[in-house]
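Open the model in your viewer and set it to show side chains as sticks. The stops below say what to select and what is there.

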Amino acid sequence: MDLRTLLEEVKIHNPLPGSAMEISGIRIDSRQVKRGDLYIALQGTRVDGHDFLAEAARAGAVVLLGTKPWQDCTHLQVPYLQVADARAALASIAAAWYGYPARQLLVIGVTGTDGKTTTANLIFQVLKAAQLQAGLISTVNAVVGDRVLDTGFHVTTPEAMDVQYYLSEMVKAGISHVVLEATSHGLAQKRVAACEFDIALVTNITHEHLDYHGDYQGYLEAKAELFRLVPESAEKPFPVNKMAVLNRDDRSYAALHQLVEDLGIMEITYGTTPAVDFQGVDIHPGPAGIEFQIANQGETRAFFTSLLGEYNVSNCLGAAAACKAGLGLTWEQIQTGIKDLAGIPGRMESQDLGQDFLVIVDFAHTPNALKRALLAARQMTEGRVIAVFGSAGLRDKEKRRLMAEVSAELADLSVLTAEDPRTESLAGILSEMAAGAVAKGGKEGEDFWRVEDRGGAIRKALDLAQKGDVVMICGKGHEQSMCFGETEYPWDDRVAARAALADFLDVDGPEMPTLPTSAD
């Protein structure tokens, strides 16, 4: 593609090369640069792409782009272009490379701490129930027509080039409506800046990623970026009410309400309090799902979801609000879509090999999500709740104590274990968690244990379980690896749970995945 076409919507601080120049590819990793590429230098948390400008030029890049002053780069053998924000430039360039696909799609963005993937999938199911051609990009996968594409191991929102590629594939497949899950990292790093959002929805904003965003306000600001993108989006060839869908029950509401008002976009609210547009009422959770009603504009409709956990009513309310108020879909279509979603991989997913107690795998990896998961487990049994979970290394350290405190208060028994320790000491992480449990009255060896090996921790929980109990294995959910040091080891909590159950019951089952902590 011609360089000038790629940079049509990017402000360059210094003159462009005088002659026309064809670009054969776009790279952000200098090790992947090939002849004819444009190399974009990004500032990361550990690596600065500007340190590799010369390496990219030697590898064949014909143009370099970054935020470093262009006057300092005249020694390079190829043109260097200076921009104010390299990540924003990458998003715009990626969109141009694929022909601005989001401008041909109606795009619904979903952000929040917990419930993003579930809410995105609920909206996706409603769109399909309405017989719309729908696509989905989540942290679990991308669904493009009949194709389901894996978006990686430990994923946040995919990088801008990947997002725009998925969107372009959706345009080719004849898709009209897309649901895109937007994480705080994805928003802060401008990965979705050129996605032309029409509807922005937030689930909740609670304690998470404070190691990256600094504090709650910084985290909220990152999430709020999704709403700032709505008024900037292009007009679409489909009917839509551009709007913000806010959770009135969440602590983020006041700040987001003010932002939405300042932006001048329509606001729709949902929650269980009376002063909302879409209110959840008459909620009855059960072992097979949840019966509830939605009150809106003087009428009440009955709903059923097979999702477990009363907190999922909030996710259903958000999905219903976006589809009814934003797209004008019928109540019947919304009821069908919500009922049709059987479950989300790694979200309150039951593992049953015939044992006389429940074993559930859930992605809950924040204090709020763990709280909601344990409260949901409590509603499922008159027996005990046994929690297995860890807390990640090189991430928000305060979360370690908070999660252990939550479990000490809400679970009967807790097994603290590994969850992506990365280059940190696993023993040190578990020590911090144990201190949190003790602070809430926990007694090690009586109501909580430390087991470094995650497979061993699951086995310990099964040994503790009695008839009618619920074992909650939290923190990894759908994820397919665990990081020790800088290496990702294959790991799936669902496989591990079935392997432990097979040993426990002495029946056939999968092999327990191995980790560096596994016994020889």
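Select Lys-172, which at 66% relative accessibility counts as exposed (over 50% relative accessible area, with a 1.4 Å probe and protein chains only; buried is under 20%, partly exposed in between). This is a predicted model, in which local features need pLDDT of at least 70, side-chain atom pairs count only at pLDDT 80 or more, and totals for chains, interfaces and linings use all residues. Residues are numbered from 1 along each chain as its sequence is written, and side-chain values use heavy atoms, leaving out hydrogens and water.

Add Glu-169, buried at 11%. Its side chain meets that of Lys-172 in a salt bridge of 3.1 Å, N to O (a side-chain nitrogen of Lys or Arg within 4 Å of a carboxyl oxygen of Asp or Glu). The two are 3 residues apart in helix α5, and therefore separated by about one helical turn (helices are DSSP runs of H or I, at least four residues; strands are runs of E, at least two; both are numbered from the N terminus).

Next, select Glu-159 and Arg-191, whose side chains form a salt bridge at 3.8 Å, N to O. Glu-159 is in the loop between β8 (147-150) and α5, and Arg-191 in the loop between α6 (184-188) and β10 (197-202), 32 residues apart. Glu-159 is partly exposed at 22%, whereas Arg-191 is buried at 10%.

Finish with Arg-27 and Asp-37, a salt bridge with its closest N and O atoms 3.0 Å apart. Arg-27 lies in strand β1 (residues 25-27) and Asp-37 in strand β2 (residues 37-40), so the pair ties together parts 10 residues apart in sequence. Asp-37 is buried, at 1%.
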